[in-house]
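Me: Hello! I am new to this structure and would like to get to know it step by step. Could you show it to me and then take my questions?

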Amino acid sequence: MKKNLFRRVSALLLTLCLLVCGISFAEDQTGADLEALYPLMDLVCAASFDPTAASTLMVPDSEGVLEISFVDAFIRLGQVRGVLGITGDTMADPAAQTALLQTIFAAQLPKTELVVAADVGTQYVGFKPVTVNNTGDAGSLQIVGEMYMAPKPMEQLSENEFSQVYWIDRAIFTFQNDASALNGFRLMNFSTGLELSVEEEMQAYSESIVVEYVNTNLGFMVLYPSVFTDDLLVEDANGVSAALPDNSVSFFARRTENASGSLLADYVAEVSAQLPGAVLDVNEELSYGTVSYTADGYAVFDVYVVTQGYVYQAQLRYLTSLMGEYSMYNGYLLNSFGVDELAAG
């Protein structure tokens with residue numbers, strides 16, 4: 001059963017455009033090229049994320065004050081990345097930092113300080129824009145997408161490096177058209193999917209990019225990319241499948257008999273052993289296993305749940321040239337694949 005409450009036509013059309021054509025913005029509405037904001041959004045995500053605690057600071061609106069830890073990380077990472085004109089001189093000049101930050105953020109600033117160089121690690125934290133929403137306020141818009149961590153920026157990743165991408169969380173930026181701001185837009189707010197203040201916006205975002213499939217007879221549910229419209233879905237005795245007309249992207253979710261009575265780890269290991277270069281992960285605590293690999297020009301991501309009687313499998317397959325657009329859905333597939341047997345147990 002497909003839950004079409006997850007599909008809104010206007011959001012779907014925008015998402016399809018972004019996925020197929022690459023994200024673009026209507027300059028007649030914004031008055032500037034928003035692609036210039038990409039380095040800023042990447043930097044905000046990186047400065048706000050603490051990998052040791054797996055937590056993210058939010059950037060408040062004009063009534064809040066930026067955390068000094070965020071400011072220091074923002075300046076330090078900006079100098080390392082060579083963006084926004086941040087240099088070693090900026091790190092040593094609190095007044096220059098304040099002047100720059102005042103052109104970017106609506107939030108109030110803490111007392112800036114000398115920023116000391118430090119190890120920023122080898123991982124790149126950035127942001128993948130997915131949808132753009134008008135907020136209804138004149139000159140204001142929201143950019144919603146996914147925070148990620150990878151060996152390098154998304155657009156620079158090789159096919160092999162995409163397997164190392166870790167999708168951190170959904171995130172949302174709110175900008176206001178402002179001629180006095182850097183690149184013509186002031187950052188009014190930044191929040192992640194865990195913030196209750198943007199719960200409604202995040203729900204709308206999720207509903208625009210994924211659709212829920214529930215099969216009560218077979219006892220499982222899963223989220224799949226909303227590019228697969230209802231007319232593309234095929235249901236049979238084992239589950240559901242779909243493919244785009246050009247076969248560039250496909251998915252399925254199914255239940256089959258566990259004829260050999262295999263355990264999860266053994267089953268996943270046997271599958272991956274037959275796939276050259278496959279990367280497997282087994283989480284016994286959460287009762288799932290994943291296998292990812294590339295073959296014949298496609299990247300494939302499989303999720304397995306194995307019980308005494310059945311093997312449940314969900315798969316997303318896309319051309320390796322589309323990894324930048326579709327690899328984020330691996331996480332949605334994994335985190336949403338639910339099996340009634342396990343819930344009942």
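**Getting to know the model**

Reply: Gladly! Let us begin with one glycine: setting aside neighbours within four places in sequence, Gly78 is in contact with Leu43, Ala73, Val83 and Ile86. Please keep in mind that this is a predicted model.

Me: Is Gly78 buried or exposed?
Reply: Gly78 sits in helix α4. Buried means under 20% relative accessible area. The value for Gly78 is 0%, so Gly78 is buried.

Me: What separates the C-alpha atoms of Gly78 and Ala46?
Reply: Along the chain, Gly78 and Ala46 are 32 residues apart. In space, their C-alpha atoms are separated by 9.6 Å.

Me: In what order do the seven strands of the open sheet stand?
Reply: Strands of a sheet pair through backbone hydrogen bonds, either parallel or antiparallel. In this open sheet the pairing is antiparallel. The seven strands follow the order β10-β11-β12-β16-β15-β14-β13.

Me: Which strands stand at the edges of that sheet, and why is one side of each left without a neighbour?
Reply: An edge strand here has a single partner strand, so one of its sides has no neighbour in the sheet. On average, neighbouring strands of the sheet are turned by 15 degrees against each other, direction ignored. The strands at the edges are β10 (234-236) and β13 (279-283).

Me: Which residue in β12 stands opposite Ala243?
Reply: Strand β11 covers residues 239-243 and strand β12 covers residues 249-257. These two strands pair in the antiparallel sense over five bridges. Opposite Ala243, in β12, stands Ser250.

Me: Which helix packs on the sheet and touches β13?
Reply: The helix in question also touches β14 (288-295), β15 (298-306) and β16 (310-319). Its direction makes about 175 degrees with that of β13. Another helix, α10 (residues 329-336), lies across β14, β15 and β16 and runs at about 170 degrees to β16. The helix that touches β13 is α8 (residues 264-273).

Me: How many residues are in the largest nonpolar core?
Reply: In soluble globular proteins, nonpolar side chains tend to be buried together. Among the residues with the most contacts inside the largest core are Val165, Ile209, Phe220 and Tyr329. Apart from it lies another core of 40 residues, including Phe74 and Phe105. The largest core has 50 residues.

Me: What volume does the largest cavity have?
Reply: Searching the whole structure gives one cavity of 30 Å³ or more. Its lining includes Leu57, Pro60, Glu67 and Phe70. The volume of the largest cavity is about 30 Å³.

Me: How much space lies in the largest pocket?
Reply: Of the 40 residues that line this pocket, the closest to its centre are Trp167, Phe301, Ser327, Asn330 and Gly331. At least two lining residues come from each of β6 (166-177), α7 (199-209), β13, β14, β15 and α10. The space in the largest pocket is about 1,000 Å³.

Me: Is Asp296 buried or exposed?
Reply: Asp296 belongs to the loop between β14 and β15. Its phi is positive, about 55 degrees, although Asp296 is not a glycine. Exposed means over 50% relative accessible area. With a value of 75%, Asp296 is therefore exposed.

Me: What is the phi of Leu84?
Reply: Most residues other than glycine have a negative phi. Leu84 lies in the loop between α4 (68-81) and α5 (88-91). Although Leu84 is not a glycine, its phi is positive, at about 60 degrees.

Methods: Residues are numbered from 1 along each chain as its sequence is written. This is a predicted model: local features need pLDDT of at least 70, side-chain atom pairs count only at pLDDT 80 or more; totals for chains, interfaces and linings use all residues. Side-chain values use heavy atoms; hydrogens and water are left out. Two strands pair if DSSP finds at least two bridges between them. Helices (H or I, at least four residues) and strands (E, at least two) are DSSP runs, numbered from the N terminus. Axes are lines fitted to C-alpha atoms, for helices over the stretch in contact, and angles run from 0 to 180 degrees between N-to-C directions. Contact means heavy atoms within 4.5 Å. A nonpolar core is a set of buried Ala, Val, Leu, Ile, Met, Phe, Trp, Tyr and Cys residues joined through side-chain atoms within 4.5 Å. Buried means under 20% relative accessible area, exposed over 50%, partly exposed in between (1.4 Å probe, protein chains only). On a 1 Å grid over the protein atoms alone, a cavity is a set of points where a 1.4 Å probe fits but cannot get out, and a pocket is an open set with protein on both sides within 12 Å along at least five of seven lines; lining residues have an atom within 4 Å of a point. Grid points are joined across faces, edges and corners, and a volume is the space filled by probe spheres set on the points.
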